Amino acid sequence: MSILIKNQIFNFGTKDGKPADTLSRKHSYVLQPVTGKAKYSKLHSSEVADSKQPLQTAVVNLDDVTISLSKDGYRDMMKLADNFATFNQRLKYAHFRPLVPVKADSRSWWKYAYRAIEKRRKVTYGKWEEYERSLASYIKKHACSNAKTEDLWAALEEGSGEPVNKLMTTWTKQQGYPVVSVKVNNQNLEFDQSQFLSSGAQGEGQWIVPITLCFGSYDVHKNFLFQTKSETRDVKELLGSPITEDSKSWIKINVEQAGFYRVKYDELLAAKLRYAIEKKILSPSDRFGTLDDTYALCNARKESLTSLLNLMAAYREEDDYTVLSNLISISSKVQNIAADAVPDLLDYFKQFSINVLQYSAERLGWDPKPGETHDDALLRGEILTSLAEFGHDLTLDEASRRFQAFLENRNTPLLPPDIRRAVYVAVMKRATKSNRSGYESLLKLYRETDLSQEKTRILGNEISSVKA
């Protein structure tokens, strides 16, 4: 049996299937080879005196299991995450999927593909049917000859009636990408574009921007080409109804982040958009994009810090992992900037971030819940770490309690690996030159552990720098 198991492990990945003495180098193993002892016994039927006595017994004792993650392994995990994201995207169209094999009813499968594409097309700019016919015509025309990029643009332009050649030239013949500013003025939407530069400098350039927008609902969806430096559109003519004082008349530009540009809203539109974020009317990708755009503009000095903080407050009850993880990252960056620029206001920024994240922290708690998602398990560690970094007293107290329990019993369920970094951060937050007990305990843990992950987790908290 041991020979069979060895061959099954060490032959994996070899081309010829012959036994190998070492692990295949073509694979990035997260779980390293495990050693252990196994004892197997079987009773003969004549030896069984009691019918309840098992005929076969096996006892397996494994040594410590080592898990390591290489650069290649990390890339593979990211690819796996992308595959899961693709799978989640397909779930949106799963109810269209036929229940019969392709060969049995290919027509139903073509309908399925069309309906999925059509649903996606409603939130993106383009004339799919025309582009498909133009592409087929282009391939047929140049099947036995050479072609240039401009030939493809010309074919698409001829079939769609859109200025494809001119549009693509603005995106491929100049550097950068635009920021589209939009504001309301007497029931008119005023659009303006300029090159986005993270330095905040005034850039040059003009693009033909495919604008997509929705008004109060994803069902009210419009799109057009923004071809000039500035343009004014009548709201009622464009959207079918005027913008009212009601918060429900919000407008989201760049629906589902389909376009490669940033968006800057005036205060009226930004306030209405905050309502849509608070009520989770916007999709996770739009909630992510709105926050990401506002932070980038604030960092480039094109948006005020007050506008960013007002927007961040709208995410208090956020539950999507991608959005909340971005919120945590931005909160940390704002704190770092405030520490250098306005140190007198640092405590205010910390308390603000604590207030924004506290709802999610209370929802997730410290301990895993039955049936919770993998995203919630990841978020728990990130949120608790951030609260510890911001100096949240309740988080620091609970972390200290769990750390003491861990020092007394390394197998305590109070400190699983998912939240250890948060606890270590909290311990270092309260370490001073006059109170080095937490620091010394972490240093002892570092020296005792054989796990590289644990060493990295401890070193990541800069245990060598003790504050006065």
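This is a short dialogue on reading aromatic rings and a strand in a predicted model.

Colleague: What should I keep in mind about the model?

Modeller: It is predicted, so local features need pLDDT of at least 70 and side-chain atom pairs count only at pLDDT 80 or more, while totals for chains, interfaces and linings use all residues. Residues are numbered from 1 along each chain as its sequence is written, and side-chain values use heavy atoms, leaving out hydrogens and water.

Colleague: How many aromatic pairs does a search of the whole structure find?

Modeller: Rings of Phe, Tyr and Trp (its six-membered ring) pair if their centres lie within 6.5 Å; planes under 30 degrees apart are stacked, over 60 edge-to-face, the rest tilted. The search finds eight pairs. Among them, Trp171 and Trp207 are tilted, at 6.3 Å centre to centre and 55° between the planes.

Colleague: Is each partner buried or exposed?

Modeller: Buried means under 20% relative accessible area, exposed over 50%, partly exposed in between (1.4 Å probe, protein chains only). Trp207 is buried at 0%, whereas Trp171, at 22%, is partly exposed.

Colleague: Which charged end sits over the ring of Tyr446?

Modeller: The rule asks for NZ of Lys or CZ of Arg within 6 Å of the ring centre and within 35 degrees of the ring normal. Lys455 sits there, 4.3 Å from the centre. Likewise, Arg262 lies over the face of Phe196, at 5.3 Å.

Colleague: Which strands pair with β5?

Modeller: Strands (E, at least two residues) are DSSP runs numbered from the N terminus, and two of them pair if DSSP finds at least two bridges. β5 runs antiparallel to β6, with six bridges, and pairs with β8 in the antiparallel sense over three.

Terms used:
Helices (H or I, at least four residues) and strands (E, at least two) are DSSP runs, numbered from the N terminus.
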